[in-house]
Amino acid sequence: MNSTVILQQLVNGISLGSLYGLVAIGYTMVYGVIRLINFAHGDIMMVGMYFAFTGVAMMFMPWWAAFLLSMIATALLGVIIDRIAYKPLRNASRISALITAIGVSFFLENLFLVVYGGVPKAFPVPSVFGGAINIHGVIFPNIAIITPIVAMIFLGILLVLLHKTKYGMAMRALSLDMETVRIMGVNVDLIISLVFAIGSFLAALGGIFWAMRYPAINPLIGIMPGLKAFAAAVLGGIGSVAGAAVGGFIIGISEILIVALFPALAGYKDAFAFLFLIFVLLFKPTGIMGEDLERGRF
């Protein structure tokens with residue numbers, strides 16, 4: 001394998017890793033604040049895809065308006081799910097909340113199966129995301145260039161929000177001691193809703209780019225990317241936003257390179273993300289950037 005092929009695979013891996021990172025941020029923020037592994041997060045990503053599909057293909061909206069509205073609508077959906085399904089269980093055992101998250105996941109999958117059917121839909125890809133640039137034999141698809149740039153921009157905005165604003169300060173405080181923050185007069189439920197809104201917004205963004213990368217969507221499409229994003233969040237150090245992005249890049253690049261270097265293992269490519277997860281849980285349960293979690297999350 002020559003350097004051109006390796007560079008080509010790196011381009012593909014960085015693009016894929018950006019998508020895992022965007023979805024993993026939602027997992028890590030929700031867990032960091034309320035210690036809930038939100039297994040419905042992959043399905044929230046799927047909902048974002050269908051909202052965008054509905055806007056562009058069925059309501060004939062401009063793609064940018066449909067994408068923006070779908071992300072906002074998905075953020076609102078995340079808040080509604082929190083208020084209806086998770087808020088009543090704030091003081092319940094973690095296993096109760098975990099089972100509820102699985103129930104929400106099944107509900108969303110079956111709801112969209114009923115509404116849209118199980119036949120895959122062709123996701124419309126705007127022309128600006130099509131095409132590719134050839135530089136010395138390395139093909140740079142537009143979507144592979146735009147995805148990491150957009151992911152880095154939103155990651156930067158999120159880090160500024162977390163570390164430079166009062167809302168971010170409240171989220172970080174909430175992750176350390178919810179009851180003390182509540183006693184100090186902070187509206188805990190509002191901050192948790194904001195966390196769900198941000199996580200769902202980014203999941204929708206990742207879902208839309210995923211749909212443009214693999215333009216055939218179905219109601220179960222969020223399961224595997226969601227599980228891999230969870231593995232990325234654990235690998236990076238669950239509770240750390242930057243760690244989730246790093247974990248996403250590691251999972252994405254590894255998945256692409258392993259298939260490129262060992263084509264015979266292509267059928268097992270999904271398993272490598274979970275091998276990473278097993279090794280991390282065995283040898284470094286706090287993840288790559290999880291050493292300081294008890295001193296300061298995010």
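How many nonpolar, polar and charged residues does the lining of the second largest pocket have, by class? The split is 11 nonpolar, no polar and no charged residues, where Ala, Val, Leu, Ile, Met, Phe, Trp, Tyr, Cys and Pro count as nonpolar, Asp, Glu, Lys and Arg as charged, and the others, Gly among them, as polar. The model behind this is predicted, so local features need pLDDT of at least 70 and side-chain atom pairs count only at pLDDT 80 or more, while totals for chains, interfaces and linings use all residues. Residues are numbered from 1 along each chain as its sequence is written, and side-chain values use heavy atoms, with hydrogens and water left out.

First, the overall build. The protein chain comes to 11 helices and 4 strands, taken as DSSP runs numbered from the N terminus (helices: H or I, at least four residues; strands: E, at least two). Its radius of gyration, taken over C-alpha atoms, is 19 Å, which agrees with the value near 19 Å for a compact globule of 298 residues under the rule of 2.2 Å times the number of residues to the power 0.38. Along the principal axes, the C-alpha atoms fill a box of roughly 60 × 45 × 35 Å. Of the 298 residues, 50% are buried, meaning under 20% relative accessible area with a 1.4 Å probe, protein chains only. Among contacts (heavy atoms within 4.5 Å) between residues at least 6 apart in sequence, 77% join residues at least 24 apart.

Now to the empty space. On a 1 Å grid over the protein atoms alone, a pocket is an open set of points with protein on both sides within 12 Å along at least five of seven lines, a cavity is a set where a 1.4 Å probe fits but cannot get out, and lining residues have an atom within 4 Å of a point. Grid points are joined across faces, edges and corners, and a volume is the space filled by probe spheres set on the points.

The largest pocket has a volume of about 320 Å³. Its lining has 16 residues, with Ile34, Arg35, Leu89, Arg90 and Met178 nearest the centre, and it divides into 9 nonpolar, 3 polar and 4 charged. Helices H1 (3-34), H4 (94-116), H6 (166-176) and H7 (178-183) each supply at least two of these residues.

The second largest pocket, the one from the opening question, holds about 190 Å³. Its lining includes Trp63, Trp64, Phe67 and Phe129. Helix H3 (63-86), helix H5 (142-164) and helix H8 (188-213) each give at least two residues, and H3 gives the most, with 5.

There is 1 cavity of 30 Å³ or more, with a volume of about 50 Å³. H1, H5 and helix H10 (241-261) each give two or more residues to its lining, and the largest share, 5 residues, comes from H1. By class, that lining has 7 nonpolar, 3 polar and no charged residues.

Finally, the aromatics. The whole structure has 16 aromatic pairs, with rings of Phe, Tyr and Trp (its six-membered ring) pairing if their centres lie within 6.5 Å, and planes under 30 degrees apart counted as stacked, over 60 as edge-to-face and the rest as tilted. Phe67 and Phe123 have ring centres 6.2 Å apart and planes at 25°, so they are stacked. This pair links distant parts of the chain, 56 residues apart: Phe67 sits in helix H3, and Phe123 in the loop between strand E1 (121-122) and strand E2 (132-135). Phe67 is buried at 6% relative accessible area, and Phe123 is buried at 4%. Elsewhere, Tyr50, Phe51, Phe53, Phe112 and Tyr116 form one aromatic cluster.
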